[in-house]
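User: I am new to this structure and would like to go through it one question at a time. Please let each answer show how it is reached.

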Amino acid sequence: MKSLQDTFAPSNKCFGCGPSNPQGLQIKSFLDDDILIAHFIPQAHHQAFDGVLSGGICGTLLDCHSNWCAAYFIMKHRNADAPPCTVTARYAVELLQ
């Protein structure tokens, strides 16, 4: 099964989800029935400190996957062949520990 990123934006160079960015995070969003599931495998260099993912990486995961969710469901609602361009207007990450 191909991700939305690989299907609709194979040349995208986004740091978070761009398939054409070999140094990026390679976040993938997969459709499972009517749910989008993010797939990401953190590497050691994504840590803030031992065993803890960087907050900036967490934010990028939320940003990219949320945009793909919005774009996919707008596309589906409009019966379009391709997702529209979406961007994040605002989001916040509160790290509790």
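User: Is asparagine 79 buried or exposed?
Analyst: This is a predicted model, and the values given here are computed from it. Asparagine 79 lies in the segment after helix 2, and its relative accessibility is 69%. Because a residue needs over 50% to count as exposed, asparagine 79 at 69% is exposed.

User: What is the phi of asparagine 79, which is not a glycine?
Analyst: Most residues other than glycine have a negative phi. Asparagine 79 is not a glycine, and yet its phi is positive, at about 55°.

User: Where does glutamine 26, another residue with a positive phi although it is not a glycine, lie?
Analyst: Glutamine 26 has a phi of about 60°, and with a relative accessibility of 26% it counts as partly exposed. Its place in the chain is the loop between helix 1 and strand 1.

User: How many salt bridges are there?
Analyst: Side chains of opposite charge can pair when their charged atoms come close. One such pair is aspartate 6 with lysine 28, at 3.0 Å from N to O, and another is aspartate 34 with lysine 76, where the closest N and O atoms are 2.5 Å apart. By the rule used here, the count of salt bridges is two.

User: How many residues apart in sequence are the parts tied together by aspartate 6 and lysine 28?
Analyst: Aspartate 6 is partly exposed, with a relative accessible area of 25%, whereas lysine 28 counts as buried at 13% relative accessibility. The two side chains meet in a salt bridge. Aspartate 6 lies in helix 1 (residues 4-8) and lysine 28 in strand 1 (residues 28-32), so the parts that this pair ties together are 22 residues apart in sequence.

User: Which parts does the salt bridge between aspartate 34 and lysine 76 tie together?
Analyst: Aspartate 34 is partly exposed, with a relative accessible area of 44%, and lysine 76 is also partly exposed, at 39%. The closest N and O atoms of this pair are 2.5 Å apart. Since aspartate 34 and lysine 76 are 42 residues apart in sequence, the pair ties together distant stretches of the chain, namely the loop between strand 1 and strand 2 (35-39), and helix 2.

User: Which helix gives the most to the largest nonpolar core?
Analyst: The largest nonpolar core has 13 residues, and those with the most contacts inside it are Ile27 and Phe40. Leaving aside residues up to four places away in sequence, isoleucine 27 touches Phe40 itself, and among its other contacts are Leu61 and Cys64. With six residues, the element that gives the most to this core is helix 2 (residues 55-78).

User: Which residues does glycine 59 touch, not counting those up to four places away in sequence?
Analyst: Glycine 59 lies in helix 2, and with a relative accessible area of 3% it is buried. Not counting residues up to four places away in sequence, the residues that glycine 59 touches are Tyr91 and Val93.

User: What is the volume of the largest pocket?
Analyst: The lining of the largest pocket includes Asn12, Cys14, Asp63, Trp68 and Pro83. The lining residues divide into eight nonpolar, three polar and one charged. The volume of this pocket is about 180 Å³.

Notes
Residues numbered from 1 in each chain as written. Predicted model: local features only at pLDDT ≥ 70, side-chain atom pairs only at ≥ 80, totals over all residues. Heavy atoms only, no water. 1 Å grid on protein atoms, 1.4 Å probe; cavity = no way out; pocket = protein on both sides within 12 Å on 5 of 7 lines; lining within 4 Å. Points joined across faces, edges and corners; volume = space filled by probe spheres on them. Nonpolar A, V, L, I, M, F, W, Y, C, P; charged D, E, K, R; others polar. Core = buried A, V, L, I, M, F, W, Y, C linked by side-chain atoms within 4.5 Å. Buried < 20%, exposed > 50% of the residue type's maximum accessible area, 1.4 Å probe, protein only. Helix = DSSP H or I, 4+ residues; strand = E, 2+ residues; numbered from the N terminus. Contact = heavy atoms within 4.5 Å. Salt bridge = Lys/Arg side-chain N within 4 Å of Asp/Glu carboxyl O.
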